[in-house]
Amino acid sequence: VDEAMGQAQTWTDMYKIFLDDYLDSYAPIMRAIVASPPGAVVIHCHAGKDRTGVVAALLLSLAGVKEQAIAADYALSQENLWPLYEQMVAEAGGEENISRWWKPDTVPETMLATLAHLNDQYGGAETYLLDAGLTAMEIEHLKRAMQPVQKLQW
């Protein structure tokens with residue numbers, strides 16, 4: 001898996017690796033959401049855009065949110081993370097001193113391609129999560145928990 005990540009050329013490549021090679025990592029995340037009390041749940045990773053973005057995309061897909069809206073939501077990360085990136089670049093003495101993977105390059109096309117892969121390879125979020133080990137009951141619980149999201153104007 002680390003070798004595959006080293007070969008990734010784009011964020012889409014990386015997200016496909018997240019989905020394909022870390023399938024068993026998503027069930028514990030989703031189960032933590034299922035087990036949480038009613039209300040908001042915070043999901044995050046180091047930067048809050050990559051692994052978090054894939055988890056958010058899975059949840060939003062499960063909620064029936066349109067792919068264009070999921071991609072637009074994902075793209076907001078670039079605007080929100082850009083000041084932090086600029087600070088990191090300044091502290092490192094230039095962009096060449098920072099891994100390209102730190103750049104908050106979260107364009108909608110990346111998430112659209114990731115969702116296309118999810119649909120083409122797995123038949124969508126629900127089938128993917130079943131393959132990851134969730135039960136139908138857990139998926140129904142997630143869908144119910146996402147009902148407020150379904151009511152938002154996307």
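**Thr12, Thr110 and the spaces in an all-helix model**

Thr12 lies in helix H2, residues 11–21, where a helix is a DSSP run of H or I with at least four residues, a strand is a run of E with at least two, and both are numbered from the N terminus. This is a predicted model, so to speak of a local feature takes a pLDDT of at least 70 and side-chain atom pairs count only at pLDDT 80 or more, while totals for chains, interfaces and linings use all residues. Residues are numbered from 1 along each chain as its sequence is written, and side-chain values use heavy atoms, with hydrogens and water left out.

Thr12 is buried because its relative accessible area is 13%, and buried here means under 20%, exposed over 50% and partly exposed in between, with a 1.4 Å probe and protein chains only. Leaving aside neighbours within four places in sequence, Thr12 is in contact (heavy atoms within 4.5 Å) with Thr110, Ala113 and Thr114. Thr110 sits in helix H6, which runs over residues 108–122. With a relative accessibility of 8%, Thr110 counts as buried too. Apart from residues up to four places away in sequence, Thr110 touches Trp11, Thr12, Tyr15 and Tyr74.

Trp11 and Tyr15 turn up again around Asp50, which also touches Phe18 and Cys45, not counting residues up to four places away in sequence. Asp50 belongs to the loop between H3 and H4. Despite being a loop residue, Asp50 is buried, since its relative accessible area is just 10%. Pro104 is 54 residues from Asp50 along the chain, and their C-alpha atoms are separated by 9.4 Å.

Val42 comes from the loop between helix H3 (23–35) and H4, but here the relative accessibility is 70%, so Val42 counts as exposed. From Val42 to Thr52, 10 residues along the chain, the C-alpha separation is 9.7 Å. Pro28 lies in helix H3 itself and is partly exposed because its relative accessible area is 49%. Pro28 pairs up with a residue a long way off in sequence: Leu134 is 106 residues apart from Pro28, with 8.8 Å between the C-alpha atoms.

Now for the empty space. The structure holds 1 cavity of 30 Å³ or more; on a 1 Å grid over the protein atoms alone, a cavity is a set of points where a 1.4 Å probe fits but cannot get out, a pocket is an open set with protein on both sides within 12 Å along at least five of seven lines, and lining residues have an atom within 4 Å of a point. Points are joined across faces, edges and corners, and a volume is the space filled by probe spheres set on them. The largest cavity has about 40 Å³ of space. Its lining is made of Leu19, Val54, Ala57, Leu58, Thr114, Leu115 and Leu118. Helix H4 (51–62) and H6 are the elements that give two or more residues to this lining. By class, the cavity lining splits into 6 nonpolar, 1 polar and no charged residues, where Ala, Val, Leu, Ile, Met, Phe, Trp, Tyr, Cys and Pro count as nonpolar, Asp, Glu, Lys and Arg as charged, and the others, Gly among them, as polar.

The largest pocket has a volume of about 390 Å³. Of its 15 lining residues, those closest to the centre are Ile33, Gly39, Val41, Ala145 and Met146. Two elements give two or more residues to this lining, helix H8 (136–145) and helix H9 (147–150), and H8 gives the most, with 3 residues. The pocket lining has 12 nonpolar, 3 polar and no charged residues.

Stepping back to the whole chain, the protein has 9 helices and 0 strands, so the element order from the N terminus on reads α-α-α-α-α-α-α-α-α. The radius of gyration is 16 Å, which agrees with the value near 15 Å for a compact globule of 154 residues; that radius is taken over C-alpha atoms, and the globule rule is 2.2 Å times the number of residues to the power 0.38. Along the principal axes, the C-alpha trace spans about 50 × 35 × 25 Å. Of the 154 residues, 37% count as buried. Among contacts between residues at least 6 apart in sequence, 70% join residues at least 24 apart. The accessible surface comes to about 8,800 Å², with 54% of that belonging to carbon and sulfur atoms, as given by the Shrake-Rupley method with a 1.4 Å probe; for residues, only the protein chains shown count as cover.
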